[in-house]
Structure formats: structure tokens, C-alpha cells
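Subject: Structure handover

Hello,

Here is the structure I promised you. Please open it alongside this message; my notes follow below.

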Amino acid sequence: MFGWWNREQKKILAPRSLFEIKQIARILVIDDRRPQLVADLENEGWHVRYLPDLDKYENTELLDSHIICLDIVGIGQHLRCGDGMGLVQGIKEKYPQKRILLYSSVREHNIFDSAIDSVDCRVFKDGQPYQFIKAVEQLGFQAFDWKHCVEFIYERHKAQLGREMSFSEFEKSFTKCIDARGQLDVERIAKFALVGLDVATKMAQLASFVGLP
């Protein structure tokens, strides 16, 4: 048991380099017009796929992706979502573990749209790739680096915890919830965090990289 835990602990908790994250992560760009950002990310070594719009939530490209980059204008037509904002809500409801980067060349959007709260990052599409690429890197670390991932989960669900705890206490307890299969035990998360199984499940989903080779 302890021999297994030492091996799995080293594999899961070891910091991943940006190079390693690029080998694991899959990015999907959804935009009615193929943006230059696709080529920019590919030139940086990311695995990127492109769709002009999403036809269904069970689309293979969506299922296989970890980071979703989408425009606000010109998409969401097939699923009658209105625009990218509606698509964000649908994706996050079905796949809360997927990181979403929302971008647009239009600065004025409804800041009260509830979809904004579901977005993990927002970038203004001004033709400059630097901010966009750095934002994707940030989401990659959130998704695949243990400490970044747990910190993201803690900040996202801190208000729902049944008791106050520091990040270090949360990280220690959350780490102990990794079971013998290298997966997170939802019931153990619910017990230490004093939350319902629905919230504990969402926490575990946000750390979906656990158990990856």
C-alpha cells in the first residue's frame, strides 16, 4: 500500500513542466472564422483542433479537449444558443472540468450575463497572440499541475465549504482523497470538506487529470 502510494504520489504531485503539459493537453478553438490564433498555438507546440461551430455537446472534438477557446460572436447557431455566451453555459453544465477561454473583438457585452461567471479566462481578440498564449498556458497549469489545480478548486469552491480552512489544510486533505486507483474519492472529499456529493463530484471533475499516465 505505502509502496504504491509513494509511486503514485510522486507521479501525481510532481510539478509538470510547460513542455509536459503541452504533450497532454488538447485545445479546441470554436470560431465561425478560423483565427490566426490556431496557428499561433500550434507554433508554440500545443495540440489544437478547430471547429467553425459546435453541432452537439457529444461532439468528439469537444469530448477529447481539455481547454476550449471560443469567440462570442458568430457561434452557437447549430445548438440555438444565441452566441458564444450560451455555448459556454451548455459546455460548463455538462463538462465542468473543461477550462474555457472566451475571447472577442467586441469590447461591449452584457457583463450581467450569468455565463461570464462560468468562464475561466477572458481575452480581448486584438490580433496580438501574446496575451492569448499566456492565458492558455495559465489554464494548462490549472488543469494539469497538481498545486495549481488544487488552488483553482479551492478558490472556485471556497464559499461552499462546510467549514473554514486554509489552502494548505485543504490541499493536504484533498491529496489524501486519492484512492488506490489513482482517482479522487468523492465520498472522502465530501466528508472532509463538509459538502454534498454534488459539490464533491464537481471538485473531483476539476482535477480530472489525476490518474493520467
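Start with one pair of residues. Val29 has Tyr50 as its bridge partner in S2. Val29's strand is S1, and the chain goes from S1 through helix H3 (residues 36-43) to S2. This β-α-β crossover is right-handed. Please keep in mind that the model is predicted.

The overall picture

The protein has 10 helices and 5 strands. Of its 213 residues, 48% are buried. Take the contacts with a separation of 6 or more: 59% of them are between residues 24 or more positions apart.

The sheet

The 5 strands form an open sheet with parallel pairing. Their order is S2-S1-S3-S4-S5. Which strands sit at the edges? They are S2 and S5 (121-124), and each pairs on one side only. On average, neighbouring strands are turned by 20° against each other, direction ignored.

Now the individual pairings:

- S1 and S2 (residues 47-51) run parallel and are joined by 5 bridges.
- S1 also pairs with S3 (residues 67-71), in the parallel sense, over 4 bridges. Here Ile30 stands opposite Leu70.
- S3 is joined to S4 (residues 99-104) by 5 bridges, and the two run parallel. Asp71 of this pairing faces Tyr103 in S4.

Why is S1 described as largely enclosed by the rest of the structure? The strand covers residues 26-30, and 4 of its 5 residues are buried, so the rest of the structure largely encloses it. Buried here means under 20% relative accessible area.

Helices on the sheet

Two helices to look at here are H5 and H6. H5 (residues 84-94) lies across S1, S3 and S4. It runs at about 180° to S4. H6 packs on the sheet too, and touches S1, S3, S4 and S5. The direction of H6 makes about 165° with that of S4.

Helix against helix

Two packed helices are described by the angle between their axes and the distance between the axes. I have two pairs for you.

The first pair is H3 and H6 (residues 129-144). Their axes come within 10 Å and cross at roughly 60°. That angle makes H3 oblique to H6. The crossing is right-handed. On the H3 side, the contact is made by Leu37, Asp40 and Leu41. On the H6 side, Pro129, Phe132, Ile133 and Val136 make it. H3 is also the helix in the crossover from S1 to S2.

The second pair is H7 (residues 146-157) and H8 (residues 167-175). They pack at an angle of about 110°, with their axes 10 Å apart. H7 and H8 are therefore roughly perpendicular to each other. Their crossing is right-handed. H7 contributes Trp146, Lys147, Val150, Glu151, Ile153 and Tyr154 to the contact. H8 contributes Phe167, Phe170, Glu171, Phe174 and Thr175.

One backbone detail

What is the phi of Leu194? It is positive, at about 55°, although Leu194 is not a glycine. Most residues other than glycine have a negative phi. Where is Leu194? Look in the loop between H9 (186-193) and H10 (197-206).

Where to look first

For a quick tour, begin at S1, with its parallel neighbours S2 and S3. Then follow H6, from its contacts with the sheet to its crossing with H3. Finish at the H7 and H8 pair and at Leu194.

Best wishes

Definitions and conventions:
Residues are numbered from 1 along each chain as its sequence is written. This is a predicted model: local features need pLDDT of at least 70, side-chain atom pairs count only at pLDDT 80 or more; totals for chains, interfaces and linings use all residues. Side-chain values use heavy atoms; hydrogens and water are left out. Buried means under 20% relative accessible area, exposed over 50%, partly exposed in between (1.4 Å probe, protein chains only). Two strands pair if DSSP finds at least two bridges between them. A crossover is right-handed if, with the strands pointing away from the viewer, the path from the first strand over the helix to the second runs clockwise. Axes are lines fitted to C-alpha atoms, for helices over the stretch in contact, and angles run from 0 to 180 degrees between N-to-C directions. Angles under 35 degrees count as roughly parallel, over 145 as roughly antiparallel, 65 to 115 as roughly perpendicular and the rest as oblique. A crossing is left-handed if the near helix is turned anticlockwise from the far one by less than a right angle, and right-handed if clockwise. Contact means heavy atoms within 4.5 Å.
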